[in-house]
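Subject: The two-chain structure, with notes

Hello,

Here is the structure I promised to pass on to you. My notes follow below it, and I hope they help you find your way around.

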Amino acid sequence: MIMQFLLQGDFLLTASREDIESTLPWNRTIRDALAEAFLLSIDDFNQGQLKYVWPYYLPSASTTACSFLEPAIASILAKLRECDVLESCAETMVKPSSLKHVPLDPFADGEGVPFTLSQHTAAGYLSLKYPAWAIEATSSIGVSQLSPREFLRDLHSAITRDPTAFRTKSATWHSQLAHTLIKLSTDGELMSLIQDICLIPLHDGNWSSAKGQLLFFSKSETSLEIPSGIEVLIVDSTAESDPNRRILFTSLGVKAWEAPEICRLVLKVHESSNFDPKSLTVDQLISHAAFLYKASWQPPKTADLWFATMQDERCMGRKLYIPGSIETNSPAARIFAQLQKQFAVIHNNYLKAFPLDADWPIWLVNNLGLSKVPRLVTPHVEPQPQPIQTLETLRDDETDDITKSSEHAKEPKMLFAQGEEVAFRRKIPGMTDEQDWILGRVVRVIGDGKSRRYEVQDPYPDEGSTNSRYKSSASQMVPIPAEGSPLEDYEVGKRVLALYPDTTTFYRAEILATSDDRAKVQLLFEDDVASALKIVERRFVLDHKEPQTRPQSMMPPISRNQAQLQQQGAHLKDGPWVPKGVEPRGEFFAIFLSLICD
Amino acid sequence: MSFSYKPGSLRIDCNEVGFNAENVEAICAISRSTKSGKTMDGEYIGEKGIGFKSVFKAADVVWISSRDFTFKLDKTKFLGIVAPVWETFPEKTQPGCTSIYLQLSNGYEEDLLIHELLTFDTNLLIFLRRVREINIRVKRGDEQVWEKKIRKDESQQGADRLTVLHAGEETSRYLIRTHVIKDLPKERKRPNWSQTKILLAFPTTESQEQPQLTPQNVYAFLPIRNYGLKVTRTLSNHCPRLV
């Protein structure tokens, strides 16, 4: 038996004078008084300087001889268990059995304060004022040592109860905690507990636990940065730069990401059914495509990414157009400027992402299915000039008096109201060619009677065009029935003026069928290949007789300039479709648009 | 008080009051200790019946010099341990001191005595009420003399006593608490005692450092027990009595 204090008493000895006579009532009385004397001493100590020292004096049972004193020691220990003799971290005096001793190594920070000390745990933790050498003996009166499991439980609940307190601790503190958790994490069972704790700071300011999460370090060996807007948890870069925390996060499963992994994630996000591309900004979407490109990733053949369009709409890559290299002000540029009103065209900023990299648009086309327009082909046109008709038409236009046309004069004058949707032909100063019928809206009615004129707005003006409003007259306008108004079916084979799908331009077409609900019409547009059938909403299919002066053939009209070109030896090659209004000038191209079939 | 050993002898000097005639008579008689029944209030004295004669376990001849008395007791002579022979002390004596000189027996294992002296438990001094200072000198052959001085300072701290022990460079402090025991059972060896007391000595330090306690006790243990100095292990429940 080891006692940490000395005892002197008038014990009576055996005849050999080397041992206490254990059966004597006298000796037993003295022995029993020992317990009382010790307990009284502790009461005194708790009032004075030895308050935090006295546990050091606690006798501990051991196998050593002197069994005579054992009952006294047992009695001392038993009684102390039930008395409020120890101080808690909350500075209350409590029963030893209700206290946990927190081993400072490893459960306390560098200043000796337990990581888990809070107002909720203080009453259950043995006061920190007890020196380590005094605490040792408290186990004999019921103080138990905080186990790693309990530590993690306390840590978990402390963080859950007051996340702010935890998150605002110093970097040093977090580093020290990580150091402790690293040690614990070598035990599989404890590891699982640590994974449940929300202790990983993310770069977006949130915190996460490790369990079931795909977490990445923000920095990687590559120079790439993970684009924003994809649901991947990235660890806060400051936190991960601390060696201890980094080791901890690594052991919790945080990975240094590799580009292909992120690429797959980007794609997964985009292809998920509940992904709302509008929730991302143009820059975010650009960063996604740019990331895949920079990572030199080879997406699967079916990969389809969301893009931002020129109009800040969202469009899947496989329905998107991207301009080829075109000179400013070239006819191609102008046609493209016109096209992007009608088609989903990639947002300008995409090209600015890598302004000097010619491979970037090519990569988009090859890997993400974008269509490059205009597609440039060698011009070739059958030599079949039609100068007379053209000139006639020109003359008509030049007179600036549409009513002079005999055909137009026969038609009863139509009246249009402000706000009405119409198909109309623009009259552009200096342009003598007949313009396309395009979609417009009456924004102003000028005058009345015979001189009634209109101002019609082009909702998708050419890029760079200062003017989006055109003066027009009824003869240059065709009414578009309002949505929902009852409409008659067209005969099959009738020639109509119809809005070409995904554009704002009307072209001649032939009726092939009407849908059962009469809402849609199937058409073959003039100059489309015979198999290229289009479905158009009924109200955009207009009954409008084409001027008899126009050729009925499928051949595109050849303008005066084209005729000149022909004279210079250029040949326009047959394309399936040549948009009207194109005015190749200086360059010998016809433009072939490969349109999307819905 | 001092113990001085040199091969073949142990000398003990003490500055106590000294012997009177009665003491001399008692020291020579069997079972006639002057201690018996002397106190009944729980003060400590030696155990009745164990006394001076135990020195003849180790020594053949014992010289004593106290006040005016100078005599020897010689175990080798007939009735030598009860019949003092007036004879001059073998060495120089100091005035005011009682000196005892043991001529150790031939068969006595002096190494054990040396060990005992070298490892003398400083803590024994705590409960030796009248002893303030103990000096121990050991001279073996031609070696240098080994010396140890132990000093005790006592002061009162409230109801408790603070004892500071100085042993060489080391200092140890004890808080001594006294607990009085009443309602004692009848005991033949302690007739008519109404109370006794136990002392608890708690090691302390001036600052909050860990008190040092155990090492000395380990050494103090067995040898003392084996050689009749009545100290039980870490419990010094009995004072050594040499007189």
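**What I found**

Let me start with a pair of aromatic residues: W437(A) stands opposite F506(A) in strand β21 of chain A. Please keep in mind that this is a predicted model.

That pair belongs to a stretch of antiparallel pairing, in which β16(A) and β21 (residues 505-514) are joined by 2 bridges. On β21(A), there is also an antiparallel pairing with β20 (residues 495-499) of chain A, this one with 5 bridges. Here L497(A) is the residue opposite R508(A). β20(A) and β21(A) form a hairpin with 5 residues between the strands, and D502(A) has a positive phi near 60°.

Moving along the chain, β21(A) pairs with β22(A), again antiparallel and over 5 bridges. Within that pairing, E510(A) faces L524(A) of β22(A). These two strands make a hairpin as well, with 5 residues between them, and in its turn R518(A) has a positive phi of about 65°.

After β22 (520-525) comes a loop that leads to β23 (533-537), and D527(A) sits in that loop. Is D527(A) buried or exposed? It falls in between: 19 other C-beta atoms lie within 10 Å, and being called buried takes 20 or more, so D527(A) counts as partly exposed. In space, D527(A) is 8.8 Å from A509(A), C-alpha to C-alpha, with 18 residues separating the two in sequence.

Now back to β16 (residues 437-446) and its other partner. β16(A) runs antiparallel to β17(A), with 5 bridges joining them, and V442(A) has V456(A) as its bridge partner. The two strands form a hairpin with 6 residues between them, where G447(A) in the turn has a positive phi of about 70°. On β17(A) there is a further antiparallel pairing, with β18 (residues 469-472), over 4 bridges. V456(A) takes part here too, with Y470(A) as its bridge partner in β18(A).

Which residues of β17 (residues 453-457) are on its covered face? They are Y454(A) and V456(A), while R453(A), E455(A) and Q457(A) make up the uncovered face.

**The helix pair**

In chain A, α11 (residues 259-271) and α12 (residues 282-294) have axes that come within 10 Å and cross at roughly 145°. The crossing is left-handed. From α11(A), the contact uses I262(A), C263(A) and V266(A), and from α12(A) it uses H288(A), F291(A) and L292(A). By type, these contact residues are 5 nonpolar and 1 polar, with no charged ones.

**The sheet that spans both chains**

An open sheet of 12 strands with mixed pairing runs in the order β1(A)-β11(B)-β10(B)-β9(B)-β8(B)-β7(B)-β1(B)-β2(B)-β6(B)-β3(B)-β4(B)-β5(B). Its edge strands are β1 (6-8) of chain A and β5 (85-86) of chain B, each of which pairs on one side only. At the chain B edge, β5(B) is joined to β4 (residues 69-74) by 2 bridges, with the strands antiparallel, and F71(B) is opposite W86(B). Helix α1(A) packs on this sheet, touching β1 of chain A as well as β10 (170-181) and β11 (196-204) of chain B, and its direction makes about 45° with that of β11(B).

**The cores**

In soluble globular proteins, nonpolar side chains tend to be buried together. The largest nonpolar core in this model has 112 residues, and those with the most contacts inside it are A289(A), F307(A), I198(B), L200(B) and A201(B). Helix α1 (residues 25-45) of chain A gives the most to this core, with 8 residues. Leaving aside residues up to four places away in sequence, A201(B) touches F5(A) and L6(A) of chain A, along with I126(B), Y174(B) and I176(B) of chain B. A separate core of 27 residues includes W437(A), Y500(A), A509(A) and V541(A).

**The chains in numbers**

- Chain A has 598 residues, of which 33% count as buried, and its secondary structure comes to 18 helices and 25 strands.
- Chain B has 243 residues, of which 28% count as buried, and it has 4 helices and 11 strands.
- Of the contacts between residues at least 6 apart in sequence, 63% in chain A join residues at least 24 apart, and in chain B 53% do.

Best wishes

Conventions
Residues numbered from 1 in each chain as written. Chains lettered and ligands numbered in written order. Predicted model: local features only at pLDDT ≥ 70, side-chain atom pairs only at ≥ 80, totals over all residues. Buried ≥ 20, exposed ≤ 12 C-beta atoms within 10 Å, placed from the backbone. Axes fitted to C-alpha atoms, helices over the stretch in contact; angles between N-to-C directions. Left-handed = near helix turned anticlockwise from the far one by under 90°. Contact = placed C-beta atoms within 7 Å. Nonpolar A, V, L, I, M, F, W, Y, C, P; charged D, E, K, R; others polar. Pairing = 2+ DSSP bridges. Core = buried A, V, L, I, M, F, W, Y, C linked by C-beta atoms within 7 Å.
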